[in-house]
Amino acid sequence: MADTLAIALDIDNTVGTRISRFEWRYLIPVMLTNSGEALLNVRATLSTPNPAMTIEDADVSFGDVAAQSSTPSQDTVTVVIDRRYSVPESDYLWDIQFDPIPNTAPTGHIAAIGTAYAGVAVPLDASGSTDAENDPLTYRWSVLIRPADSIATIPNPTAQVTTFTPDKTGAYRIRLVVNDGQLDGVPLDLDFNAELPEPEAIAPAPVASEVTLLGADTAFLFEGDTPIQTGVAPDAIDEVRTAIIRGRIIDAAGQTLSGARITVLNHPEWGETRSRLTGGSTSPSAAARASLSASNWPATSRHNAKCRLGPRTSPLSTTSRSCPASRAEPPSTSSRPPPFMSFRANRPSIRRAHVVPRC
Ligand SMILES: [Ca+2]
Ligand SMILES: [Ca+2]
């Protein structure tokens with residue numbers, strides 16, 4: 001710091017008084033040049049090795065000093081000089097002191113995220129974090145809350161920008177603590193609920209010029225770390241007899257229902273799936289008869305829920321349930337809603353409804 005500070009005598013504003021035949025008393029203001037950062041409560045004390053100068057008032061103050069500035073002293077030093085001898089300015093030695101600038105803790109910031117999906121990376125961006133002193137910041141990310149069966153971790157927990165991929169659906173809490181080298185900021189929490197992903201979000205990219213079976217192409221729906229269809233028994237789904245049912249779960253008011261449990265009737269080996277935020281569901285099966293279990297729906301909508309099953313995404317190739325071409329649904333377009341088949345469970349006692357998609 002000392003190399004950024006210099007004090008010069010303000011000769012023009014110095015007042016001198018002759019006090020004896022050879023001695024003069026001088027009240028000398030000085031100018032402080034600061035080529036560094038801002039400083040608080042700067043003061044200086046004068047000393048000298050020259051016996052021709054007697055220091056009567058060695059102290060001078062500057063108050064707070066701005067960065068890159070020249071600041072006049074608020075008072076003077078008082079010296080008595082025997083003018084028979086030379087006293088060059090280099091014989092004025094200054095001890096400069098100032099108070100340390102108090103440090104304030106940094107303020108962490110986490111950029112907002114959109115809807116989180118299991119198996120899809122969530123961006124963790126702390127680049128909006130700030131520090132009043134512009135101290136360089138370090139970052140600590142940690143997972144505070146996760147589903148009981150989750151083992152997902154943050155691959156780079158000290159990066160300013162990183163990602164976290166929830167491995168299970170459910171509630172998560174990610175904590176960020178920023179540090180400026182001295183102090184931690186107030187911890188920030190990012191709470192989100194990882195939903196079942198839309199199949200499009202986790203589907204493997206097709207390989208050009210490679211011909212594959214539908215079953216192999218859609219196995220990601222029930223395999224891997226974040227299957228959309230869970231509990232599928234090994235070898236329960238024959239890849240050459242695979243069909244995909246897509247649908248949307250809505251209540252009587254037309255609002256989508258998420259979390260509705262969907263199974264295939266009398267086929268526990270095909271596991272289950274849940275409707276997503278959009279109410280959509282996707283389930284591969286080897287037959288086209290499905291059932292809806294309403295046990296997870298809100299009581300108010302349980303008996304009035306409406307199931308809409310969309311068109312199959314492929315023919316039931318080798319099954320006996322292949323539909324005649326003349327009855328096939330036309331492809332959906334963006335301007336026309338998909339030709340969903342609708343049914344309504346009106347009987348209050350109905351808990352399970354059998355649905356046979358219309359071809
Ligand atoms: Ca003084
Ligand atoms: Ca700071």
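# Questions on a predicted model

Me: Which residues does Ile174 touch, not counting residues up to four places away in sequence?
Reply: This is a predicted model, and the contacts are computed from its atoms. Residues up to four places away in sequence are left out of the count. What remains for Ile174 is Leu124, Trp141, Val143, Phe164 and Leu190.

Me: Which residues have the most contacts inside the largest nonpolar core?
Reply: The largest nonpolar core has 24 residues. In general, nonpolar side chains tend to be buried together in soluble globular proteins. Inside this core, the residues with the most contacts are Leu124 and Ile174.

Me: Which strand gives the most to this largest core?
Reply: The elements that give two or more residues to the largest nonpolar core are strand 11, strand 12 (122–125), strand 13, strand 15 and strand 16. The core also draws at least three residues from each of domain 2 (116–195) and domain 3 (199–355). With four residues, the strand that gives the most is strand 15.

Me: How many residues are in the other core, which lies apart from the largest one?
Reply: Among the residues of this other core are Val30, Leu46, Val77 and Val79. It lies apart from the largest core. Its count is 14 residues.

Me: Why do strand 11 and strand 13 each have one side without a neighbour in the sheet?
Reply: The open sheet has four strands in the order 11-16-15-13, with mixed pairing. Strand 11 (116–117) and strand 13 (138–145) stand at its edges, so one side of each is left without a neighbour in the sheet. The reason is that each has a single partner strand.

Me: Which residue in strand 16 stands opposite Tyr172?
Reply: Strand 15 (residues 170–179) and strand 16 (residues 188–195) run antiparallel. Seven bridges join them. Opposite Tyr172, in strand 16, stands Phe192.

Me: What is the average twist from one strand to the next in the sheet 7-5-10?
Reply: This open sheet has three strands, and the pairing is antiparallel. Strand 7 (59–65) and strand 10 (93–99) are the edge strands, each pairing on one side only. From one strand to the next, the twist averages 20°.

Me: Which residue in strand 7 is the bridge partner of Val42?
Reply: Strand 5 and strand 7 pair in the antiparallel sense. Five bridges make up this pairing. The partner of Val42 in strand 7 is Gly63.

Me: Is Ala44 buried or exposed?
Reply: Ala44 lies in strand 5 (residues 39–47). Leaving aside neighbours within four places in sequence, Ala44 is in contact with Ile7, Val60, Trp94, Asp95 and Ile96. A residue with 20 or more other C-beta atoms within 10 Å counts as buried. Ala44 has 20 such atoms, so it is buried.

Me: How far apart in space are Ala44 and Ile7, C-alpha to C-alpha?
Reply: In sequence, Ala44 and Ile7 are 37 residues apart. In space, C-alpha to C-alpha, the distance is 8.9 Å.

Me: What is the phi of Asn41?
Reply: Asn41 also lies in strand 5. With 13 C-beta neighbours inside 10 Å, Asn41 counts as partly exposed. Most residues other than glycine have a negative phi. Asn41 is not a glycine, yet its phi is positive, near 50°.

Me: Where in the chain is Asp235, which has a positive phi of about 65°?
Reply: Asp235 is not a glycine, although its phi is positive. Asp235 is exposed, with 8 other C-beta atoms within 10 Å. Its place is the loop between strand 17 (229–232) and strand 18 (243–250).

Me: Which residue in strand 20 stands opposite Ile262?
Reply: Strand 19 (residues 261–263) and strand 20 pair in the antiparallel sense over three bridges. Six residues lie between these strands in their hairpin, where Asn266 takes a positive phi near 65°. Strand 17 is also joined to strand 20 (residues 270–274) by three bridges. Opposite Ile262 stands Thr273.

Me: Over which residues is the pLDDT below 50?
Reply: The chain averages a pLDDT of 79, and 76% of the residues score at least 70. One stretch falls below 50, although it has 126 contacts in the model beyond near neighbours in sequence. That stretch is residues 285–359.

Key: Residues numbered from 1 in each chain as written. Chains lettered and ligands numbered in written order. Predicted model: local features only at pLDDT ≥ 70, side-chain atom pairs only at ≥ 80, totals over all residues. Pairing = 2+ DSSP bridges. Core = buried A, V, L, I, M, F, W, Y, C linked by C-beta atoms within 7 Å. Buried ≥ 20, exposed ≤ 12 C-beta atoms within 10 Å, placed from the backbone. Domains from an automatic or database assignment. Contact = placed C-beta atoms within 7 Å. pLDDT = per-residue confidence, 0-100. Axes fitted to C-alpha atoms, helices over the stretch in contact; angles between N-to-C directions.
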